[in-house]
Amino acid sequence: MLRSLVGSEMCIRDRYQRRVRGSWIAWMVGRVLCLHSFRMSAEALRLQSSKFSNLAECLGAHGELVFVDAPHSVAPEAEARMPSLLREIFAPPYFEWWNARQEEGQVWYDGVEQTLEYIAKVVQEQGPFDGIMGFSQGGSLVHLVCAMIAQGNLDISPPKWAMIISSMGSRHAGHAETMEAVRAHPIQIPALILYGDADQDVPMERTQALASTFETATEICVPGGGHKIPFLKPPEAEVVRRFVQEAEALAVFGC
C-alpha cells in the first residue's frame, strides 16, 4: 500500500510519487459529494467544514461541494437525548445514515440498505461527482460505498477520490465479508484520511485500520485533535490540495 502520513512534526513519509506541478490543473477539481455525521445534517456539515474549519475552502476553491441529508430522520425521543450544546450550535432537523444496535453479540445497522439505495439515487440524479467526502458516520459510509464498489456490490461509478474524517470501517454483521475482502484486496480509489490523535469517539487506531484498506492512502494526523473536522495548518492544507489535484490528474491522464 502506498501511504503518506502528516504528523505532529509535519514530516511527510510520502511514497505516493505521482506529482503534478503548477496551478494549471486546479480547474479540474470538480463536484464533491459531502456526507454528514450521525444525527446531524447537510447544513451542519456545511458549517463544520466552513465556519469551524478551512476544509471547505481547501476543497471548494475550484469546485462545488454538494451537501445532502441522510434519508432517515432522527426520532423525537433520540433528538431529546442529544447534547443541548450540540442542538444550540446546529439547528434541527437531524438525520442519520443508520442506527447501530447489538443483538446476540453482533452489530447490525438498521436502515443501511435504504441508505445505500439513496446514495445510488443521489449519484444518479445529482452526479457525477469527482470526489466523495464524509465525517464520522458519513466517513464510514464513504468507506462502505468505496468497498462495495470495489467488490461489485454497488452499481455506481467510482469517484476519482475519497476523503474520510475520523471514521471507522463498518461493524455491521452483514458487511463482514466485504470488510474482509478489502483487507485482503485493498480499494484502488485514492483516499485522504484525516483524524486526531486525541479522538475519544473514534480512536485513531480505528481510523488507521480503515486507511489500511486503501491501496493509496494519504493520512493527516492532527496533534491533540478530537472528534471534529480540524482547522488545517498551511502545510496540512497544502497536502489536501495536492492530494485532490493528483487524484484528479491520475483519473484523467493516468499519471
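Is S166 buried or exposed? S166 is buried, with a relative accessible area of 0%. That residue is one of several places worth a visit in this predicted model, and the tour below goes from the overall picture to the strands, a helix, the backbone and the pocket.

**Overall picture**

Let us begin with confidence. The mean pLDDT of the protein is 88, and 86% of its residues reach 70 or more. Please treat the start of the chain with care: pLDDT stays under 50 over residues 1-27. For that stretch the model has 65 contacts beyond four places in sequence.

The protein is built from nine helices and eleven strands. Of its 255 residues, 53% count as buried. Among contacts with a separation of 6 or more, 79% are made by residues 24 or more positions apart.

**Strand β2 and its partners**

Strand β2 covers residues 31-35, and four of these five residues are buried, so β2 is largely enclosed by the rest of the structure. Which strands pair with β2? One partner is β3 (residues 64-68), joined to β2 by five bridges; the two run parallel. Here R31 stands opposite E64. The other is β8 (residues 131-135), joined to β2 by four bridges and again parallel. In this pairing L35 faces G134.

**Helix α1**

Helix α1 spans residues 42-50. Its buried residues are A42, A44, L45, L47, Q48 and S49. What do they pack against? Their packing partners are strands β2, β3 and β8, together with helix α2 (55-60). The three strands just described as paired thus meet this helix as well.

**Strand β10**

Strand β10 (residues 191-196) has six of its six residues buried, so β10 too is largely enclosed by the rest of the structure. In a regular strand, side chains alternate between the two faces of the sheet. For β10, both faces are covered: A191, I193 and Y195 are buried on one side, and L192, L194 and G196 are buried on the other. Strand β9 (residues 161-165) runs parallel to β10, and four bridges join the two. Within this pair I164 stands opposite I193.

**Backbone exceptions**

Most residues other than glycine have a negative phi, and most peptide bonds are trans. Four places in this model depart from that pattern, and the table collects them with their angles.

| Place | Feature | Angle |
|---|---|---|
| P92 to P93 | cis peptide bond | omega near 5 degrees |
| G127 to P128 | cis peptide bond | omega about 5 degrees |
| R39 | positive phi, not a glycine | phi about 55 degrees |
| S166 | positive phi, not a glycine | phi about 50 degrees |

Where do these residues sit in the fold? P93 belongs to the loop between α4 and β5 (95-96). P128 is in the loop between α5 (112-126) and β8. R39 is placed in the loop between β2 and α1, which links two elements already met above. S166, the residue of the opening question, is in the loop between β9 and α7 (176-184).

Why does R39 count as buried? Its relative accessible area is 15%, and the cut-off for buried is under 20%, so R39 falls on the buried side.

**Cysteines**

A disulfide is a covalent bond between the sulfur atoms of two cysteines. How many disulfides does the model have? The count comes to zero. Looking at individual cysteines, C146 is at 0% relative accessibility and therefore counts as buried. C221, at 13% relative accessibility, counts as buried too.

**The largest pocket**

What is the volume of the largest pocket? The largest pocket has a volume of about 850 Å³. It is lined by 30 residues, and those closest to its centre are S37, F38, S136, D201 and H227. Three elements give two or more residues to this lining: α4 (84-89), β6 (99-103) and α6 (137-150). The largest share, three residues, comes from α4. Helix α4 also borders the loop that holds P93, so to speak a short walk from the pocket lining back to one of the cis bonds in the table.

Definitions and conventions. Residues are numbered from 1 along each chain as its sequence is written. This is a predicted model: local features need pLDDT of at least 70, side-chain atom pairs count only at pLDDT 80 or more; totals for chains, interfaces and linings use all residues. Side-chain values use heavy atoms; hydrogens and water are left out. Buried means under 20% relative accessible area, exposed over 50%, partly exposed in between (1.4 Å probe, protein chains only). Two strands pair if DSSP finds at least two bridges between them. pLDDT is the predictor's confidence in each residue, from 0 to 100. Contact means heavy atoms within 4.5 Å. A disulfide is a pair of cysteine sulfur atoms within 2.5 Å. On a 1 Å grid over the protein atoms alone, a cavity is a set of points where a 1.4 Å probe fits but cannot get out, and a pocket is an open set with protein on both sides within 12 Å along at least five of seven lines; lining residues have an atom within 4 Å of a point. Grid points are joined across faces, edges and corners, and a volume is the space filled by probe spheres set on the points.
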